[in-house]
Amino acid sequence: MATTLLPISSSDGKRVSVTRFPKDGPPPIIVRNLTMAYGTFVLMKDINFTVNHGDIFIIMGGSGSGKSTLLRHMLGLIEPAKGEVWYGNFNFTRAEPLQREEMLRHFGVLYQGGALWSSMTLAENVGLPLGEFTDLSLAEIREVAALKLALVGLKGFENYYPSQISGGMQKRAGLARAIALDPEILFFDEPSAGLDPISSRLLDDLILELRDNLGATIVVVTHELASIFAIGNNSIFLDAESRTVIAQGDPKDLLAHCTDHRVQTFLTRGGQDAQPSARNHG
Amino acid sequence: MQALKQSQPSGELSFARSDASTLVLRLAGDWHLRHGLPEPELVLKQLDTAPKPARLTFDAAGLGDWDSGLLTFLMGINEISHKRNLPVDWSPLPEGVRRLIQLAEAVPEKTGARHEASQVSFIEELGHATLLYAQGVGEFLRFLGEVTIAFARLAVGKARFRRIDLMIVIQDCSANAFGIVTLVTFLVGVILAFEGAVQLQQFGASIFVADLVGIAMMRDMGAMMAAIIMAGRTGAAFAAQLGSMKVTQEIDALTTMGISPLEFLVLPRVLALFLMIPLLCVYADCLGVAGGAFVSATMLHISLRTYLTETQHAVTLTMIFGGIFKAAVYGIIIAVAGCLRGFQCGNSSSAVGDAATAAVVTGIVYVIVACGIFAFIFNVLGI
C-alpha cells in the first residue's frame, strides 16, 4: 500500500497531497520516445517503457550503454534531446523548475557512491530533507533520522561523518537519506557497485522490503546479474550498438524466452550461466 | 633460403623466405619489454623487397622468455597485415602468445571511438578561444542573474539554506582571513609609503606620504587587496568545494531532493563574501595606513600624531564609503566566479584543480575590470 508517512510541504509552505501516485491512477512512470544525445551524438533513441505500481524495474545493459544517463534523464539532471518523461499525470520534462522541484520531493535517489554531503553527519544528511520539507520539530527529525539509519543497519552511527565510515556503510546511509521522506518512487544507481557479495545481498533484501512494506515503486540501474534476477520483476535492456531498447520484460522471462543473442549473452555472462541465480526472491 | 639477420635491442628478429611468396619472421632469444622493441620498419622493408611476399608466418623455435613486449610487436605486425591484406599464419607461435593476441582482437574497435589529433591553424585557435571567452562571459552573466533571483527569493523568505552554513562561511572568509589580510595590506602600506617617500623627500614634501597612502588605500588599494586575497583564498576554496561536491554527485543529490543547489550552496557563500569583504576592506585600509605610518616614523621621522592628522585631512568619507562599496561588489564577483567554476567542474579530480585555478583567474580579471569601470564612473561623478 503506497502511503506517505510524512506530510511534505511545498515551496510556499503549504502541504501538498501525500500520495501523488494512487494505485487506481495512471502508471507512476512513463517514458515516451526518449532520445538521449550529447550535442549531435545520439546515445540512445526511441526509448519507450512504463513502470507500474510496485514494480522493481531494472535498467540493464553493458558498460557504456547509457543506463546511468537514462536515469539522469528521468531525474531531470539532463534534458532529453526528444521525448518526455511522465510521472503519473505529470509531464516532468515540460514542467517549470519549481514544479519539478516539488515532484522531486516524492522521489528518493541512491547514487553510486552514496553522494552523502561530506560536511554533515549521517543524522544531518538524513535529517536535511525532513527539516526542509516537513513540519517536524528538531527532536522529531533526530528520531526519524535515527530510525531510518537503524533500518539500514547503521544504528549508533548518527554522529559519524561520511569520511569516517566504509564505502558500503556510506551506501546504506545514502539509502537511509533516500527513504527519509518515505518516497513513492525510489531510484538506485548501481546499488551493488563496490560492495562485497554479502553486503550486496543485504541491500537487495532491503530493496525488496522497501517495495513490500512502503509500497514504493523502484527503478534500479544495474548490470549485476545476481541482483537483476533476485529483485527485478520488469526491465529494459539497452544496447549500445543499436542505440535503443532491444528487450523488455521480467528478467527471468527474458532469460527463458528472449531469442536476441545480445540479451542472452548478457544474461548468461557470455553463455557461462544457464540458470538465473539460485537466490531468487520472486 | 635467404636470411637477413637484424640486431635487436631485446630478442632477435631475422627474416627468411620459405618460398618466394612467404616471409618468415624468426623470433629468437628473450623478448622483454624493458629492453625495447624492434622497429616495424624492418618488417615493412622486407615486405617491400622483391619478390613481394603474399603471406607471413613465424619461426619461434629459438624463442626464449617473452612478455608483453613480444605481444606489442606482434600486434604491430597484425596491423600491418590488415592494412596490406596479407594473410598471417600464427600457428608456429606459442599457444599463450596466440591466445593473448586473440584476446586483444576479441572486441573490434568501436567506430568513431578513436580521437585523432588534428592540426589547428592559429587563426582557428584564436577564433575558438574568442568564442569560448564570449561564451564564458555569457555564462558568468547568466549565473549572476540566477544568483540575483535567488537573492530575491531570500528577500521574500523563500530561499532555502542552512543558517549554520552561512555562519561557517562567514567565519572562514572573515576571522580566518585576518592573518593574511593583516600581513599583505600592512606591507602594501609600507611599499606605497616607501616608494612615495623616496620621491617626495626630493621636494621636501615628505609629509604628503600620509596623503598618498591614505587616499590610495581608501579609494582603491584596500578594497582591491582584500578582493585579490579573497579571490586566491576563498574564491578558489569555493570552486574546489563545489567541484568536489559535483564529482561525488552531492550536488545531484540536492537537485533530486528538490533543493536548489543555487540557494543551498551559492547563496550563503555570496552573502558571506558580500557582507564580510567590506569589513575586511576597512581593516585593510587601517592596516595600510599603519604601514605608511611605520615607514614615516622610521624613515622620515614623522610622528604618528602628525601622520594621522595629515591622513585625516586628506581622506574624505566619500572615499572611504566608495572603497567599501567597491569591496562589496568585488565580494559578489569573487563568490559568483568561485561558485560558477565549481558548478562547471568536470568529473575528475584534476578538474577540481582546474576549477580552483579558473575561479582565481576569473575572479581577479573581473575585479580588475570592475575596478576600471568604477574609476571611470567615479571620475564622471566627481567622487
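How many bridges join β4(B) to strand β5 of chain B, and in which sense do the two strands run? In this predicted model, β4(B) and β5(B) (residues 88-89) are joined by two bridges and run parallel. Within this pairing, B:T57 stands opposite B:D89 of β5(B). The chain travels from β4(B) to β5(B) by way of helix α2 of chain B (residues 68-84), forming a right-handed β-α-β crossover.

Strand β4(B) also has a partnership with β3(B). Here strand β3 (residues 22-31) and strand β4 (residues 55-66) of chain B pair over eight bridges, in the parallel sense. One of the positions involved is B:A28, whose bridge partner in β4(B) is B:G62. The connection from β3(B) to β4(B) passes through helix α1 of chain B (residues 40-47), and this β-α-β crossover is likewise right-handed.

We can now turn to the place where the two chains meet. Chain A brings 24 residues to the contact, and chain B brings 17 residues. About 2,000 Å² is buried between chain A and chain B, with carbon and sulfur atoms giving 55% of this area. On the chain A side, A:Y111, A:W117 and A:E132 together supply 26% of the area that chain A buries against chain B, more than any other three residues.

Charged and polar pairs also span the interface. Two salt bridges are counted between chain A and chain B, whereas a search of the whole structure finds 19 over all chains. In one salt bridge across the interface, the side chain of A:E132 meets that of B:R160 at 3.3 Å, N to O. A:E132 is thus a residue to look at twice, being also among the three named above for buried area. Another salt bridge brings together the side chains of A:R72 and B:D252, with an N to O distance of 2.6 Å. This pair joins two chains, because A:R72 lies in helix α1 of chain A (residues 67-74) and B:D252 in helix α8 of chain B (residues 250-255).

Seven residue pairs, with both residues at pLDDT 80 or more, are in polar contact across the interface of chain A and chain B. On the side of chain A that touches chain B, the elements giving two or more residues are α2 (97-104) and α3 (122-133) of chain A. Of these, α3(A) gives the most, with five residues. Sorted by class, this side of chain A has 13 nonpolar, five polar and six charged residues.

Note on methods: Residues numbered from 1 in each chain as written. Chains lettered and ligands numbered in written order. Predicted model: local features only at pLDDT ≥ 70, side-chain atom pairs only at ≥ 80, totals over all residues. Heavy atoms only, no water. Contact = heavy atoms within 4.5 Å. Buried area = accessible area lost by both parts, 1.4 Å probe. Salt bridge = Lys/Arg side-chain N within 4 Å of Asp/Glu carboxyl O. Polar contact = N/O pair within 3.5 Å; in protein donor to acceptor, adjacent residues only side chain to side chain. Helix = DSSP H or I, 4+ residues; strand = E, 2+ residues; numbered from the N terminus. Nonpolar A, V, L, I, M, F, W, Y, C, P; charged D, E, K, R; others polar. Pairing = 2+ DSSP bridges. Right-handed = clockwise from strand over helix to strand, strands pointing away.
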